[in-house]
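The following account leads from the overall surface and fold to a single acidic residue and its surroundings. Please keep the structure in view while reading.

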Amino acid sequence: MEGRKTVDFEDFLPIMADKLGGQGLIEEICNGFQLLMDPDKGLITFESLKRNAALLGLQGLTDDELQSMLREGDVDGDGALNQMEFCVLMFRLSPDLMEESEMYLEEALQQDMMDI
């Protein structure tokens, strides 16, 4: 990796969540899925990701790196991402959003315990 340009990930999901609200954020993530998916298959495939990587600023990634991205989110093992897998992956890749989700979950659990 020496001498290679690295891709810096800036986490915009928490900012988008604040501005758009929960429903708006989900709609934007779904729009992102639509941009990246293969229209014939209704899935994000390696080919559709490679073809559309520039839309995400990822045009410099190697085929192996793109395959790794797909594997990271591919829950059902079909080699592609459906809309749900893509949405889950986007949330998993957002450390700040995950932290907030954990905090809300803890608060909800504590409230449930107090209600018992």
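**From surface to a buried aspartate**

The protein exposes about 8,300 Å², of which carbon and sulfur atoms supply 56%. The model is a predicted one. Of the 116 residues in the protein, 29% are buried.

The secondary structure consists of 5 helices and 0 strands, and along the sequence the pattern reads α-α-α-α-α. Among contacts with a separation of 6 or more, 47% join residues that lie 24 or more positions apart.

Attention may now turn to the loop between α3 (63-73) and α4, where D74 is placed. Which side chain of opposite charge is nearest to D74? That side chain is R71, at 8.4 Å. A salt bridge requires a side-chain nitrogen of Lys or Arg within 4 Å of a carboxyl oxygen, so a separation beyond that cut-off does not qualify. D74 is accordingly buried and has no salt bridge. A polar partner is nevertheless present: the side chain of D74 reaches the backbone nitrogen of G77 at 3.1 Å. Leaving aside residues up to four places away in sequence, D74 touches G79, A80, L81 and E85.

One of these contacts, E85, leads into the next helix. Helix α4 spans residues 83-92, and its buried residues are E85, F86, C87 and L89. D74 and E85, which touch, are thus both acidic residues; D74 is buried, and E85 is buried as well. At the start of α4, a side-chain oxygen of N82 comes to within 3.1 Å of the backbone nitrogen of M84. Both D74 and N82 therefore direct a side chain to a backbone nitrogen.

Methods. Residues numbered from 1 in each chain as written. Predicted model: local features only at pLDDT ≥ 70, side-chain atom pairs only at ≥ 80, totals over all residues. Heavy atoms only, no water. Buried < 20%, exposed > 50% of the residue type's maximum accessible area, 1.4 Å probe, protein only. Helix = DSSP H or I, 4+ residues; strand = E, 2+ residues; numbered from the N terminus. Polar contact = N/O pair within 3.5 Å; in protein donor to acceptor, adjacent residues only side chain to side chain. Contact = heavy atoms within 4.5 Å. Areas by Shrake-Rupley, 256 points an atom, 1.4 Å probe, with all protein chains shown as cover.
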